[in-house]
Every structure is written in structure tokens, then in C-alpha cells.
Amino acid sequence: MATKNIIADLNKGEKLTGTNYDIWHKKMTFLLNEQELFEHLTTIMTRPPEGNTAQSRRDLEAFETWSKKDHCARFTLLSCMHDDLIGAYEHCATAKEMWDQLRFDFGGTSVFPKNLHG
């Protein structure tokens, strides 16, 4: 499957270490877009209330589909982190929560050589 190959290729490369957040963030954005999971970094869905109507069943089915895709997005993010960081983020309930926490913790921490900025 192509998705597994993409993740395997990324895992051979640079994982999030805490000092390379900016480039890691870009790579994850590309990867999750490719997997059609990017929306999970920006939105959450809550479980619908129980019900016996056709609409309730559709709402529950939509939530379950969303939940499975969110799990894939979380797994992708975790699998592209350095082993030392996984434990600090695996508790996040959604991919968006993890993404936001990573941005809070590491955003703006990357160091670029001066010649890259002209």
C-alpha cells in the first residue's frame, strides 16, 4: 500500500526531535494531505448522542469513520517522532490536540543556517 511506503520512507529520514519542528511540520502537512487526513489537524468531531433514527445512525457512522481516520493521523504523527517524544504525546485524544500541542511546545524552535534566509 502506498501510504505505508510513504510512512516507511519518512521513518528512514529525519523524525521530530524538537529542534527540527519547522521542516517536520511541513513534511507532516504534505504527508497528511497525501493521505487525505489533513482535516484531522484542524477539526474535531464529537460522538453524536444515542438515538434510533436513521439520522442518528448516519451521524454515528460518520463519527466512526472520522474516528478511524483520526486514529490513522495520530499514528502517522507519532510514528514520525523520535522515540523519546512519543510518550509525551501519545495521550492526546485527537490528531488536532497533538498537532496543537506540538506547535505550542516546539513552534519556532528550529535553527536554520543563516545562508538559507538570504
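## A walk through a five-helix model

The side chain of Asn-20 reaches the backbone nitrogen of Thr-17 at a distance of 2.8 Å, and this small detail is a convenient place to enter the structure, which is a predicted model. The side chain of Asn-20 also reaches the backbone oxygen of Lys-15, again at 2.8 Å. Asn-20 itself sits in the loop between helix H1 (2–12) and helix H2 (21–34). Is Asn-20 buried or exposed? Its relative accessible area is 6%, and because buried means under 20%, Asn-20 counts as buried.

Stepping back from this loop, the reader can look at the fold as a whole. The protein contains 5 helices and 0 strands, so that, when it is read along the sequence, the pattern is α-α-α-α-α. Of its 118 residues, 32% count as buried. Among the contacts with a separation of 6 or more, 63% are accounted for by residues that lie 24 or more positions apart.

Directly after the loop that holds Asn-20 comes helix H2. This helix has 14 residues, and the distance from its first C-alpha to its last is 20 Å, close to the 20 Å expected at 1.5 Å a residue. Its buried residues are Tyr-21, Trp-24, Met-28, Thr-29, Leu-31 and Leu-32. Just after H2 the chain reaches Glu-36, which takes a positive phi of about 60 degrees, and this is a positive value in a residue other than glycine. Glu-36 belongs to the loop between H2 and H3. With a relative accessible area of 59%, Glu-36 is exposed, because the cut-off for that word is over 50%.

Further along the sequence is helix H5, which covers residues 95–106. How does the span of H5 compare with what its 12 residues should give? At 1.5 Å a residue the helix should span 16 Å, and since its end C-alpha atoms are 16 Å apart, the two values agree. In H5 the buried residues are Ala-95, Met-98, Trp-99, Leu-102 and Phe-106. These residues cover an arc of only 100 degrees around the axis, and therefore they lie on the same side of H5. What do the buried residues of H5 pack against? Their partners are H2, helix H3 (54–79) and helix H4 (83–89).

One of the buried residues of H5, Met-98, can be followed in detail. Leaving aside residues up to four places away in sequence, Met-98 touches Arg-74, Leu-77, Leu-78, Met-81, Tyr-89 and Cys-92. Met-98 is also part of the largest nonpolar core, which has 21 residues, and within that core the residues that touch the most other members are Leu-16, Trp-24, Leu-77, Met-81, Tyr-89, Met-98 and Leu-102. The elements that give two or more residues to this core are H2, H3, H4 and H5. Trp-24, named here in the core, is also one of the buried residues of H2, just as Leu-102 is one of those of H5.

The cysteines deserve a last look. Cys-92, which Met-98 touches, is buried, because its relative accessible area is 2% and the limit is under 20%. Cys-80 is likewise buried, with a relative accessible area of 3%. How many disulfides does a search of the whole structure find? The search finds 0.

Note on methods:
Residues are numbered from 1 along each chain as its sequence is written. This is a predicted model: local features need pLDDT of at least 70, side-chain atom pairs count only at pLDDT 80 or more; totals for chains, interfaces and linings use all residues. Side-chain values use heavy atoms; hydrogens and water are left out. Helices (H or I, at least four residues) and strands (E, at least two) are DSSP runs, numbered from the N terminus. Buried means under 20% relative accessible area, exposed over 50%, partly exposed in between (1.4 Å probe, protein chains only). A polar contact is a pair of N or O atoms within 3.5 Å; within protein, one must be able to donate a hydrogen and the other to accept it, and residues adjacent in sequence count only if both atoms are side-chain atoms. The expected span of a helix is 1.5 Å times one less than its number of residues. The arc is that of the directions from the helix axis to the C-beta atoms. Contact means heavy atoms within 4.5 Å. A disulfide is a pair of cysteine sulfur atoms within 2.5 Å. A nonpolar core is a set of buried Ala, Val, Leu, Ile, Met, Phe, Trp, Tyr and Cys residues joined through side-chain atoms within 4.5 Å.
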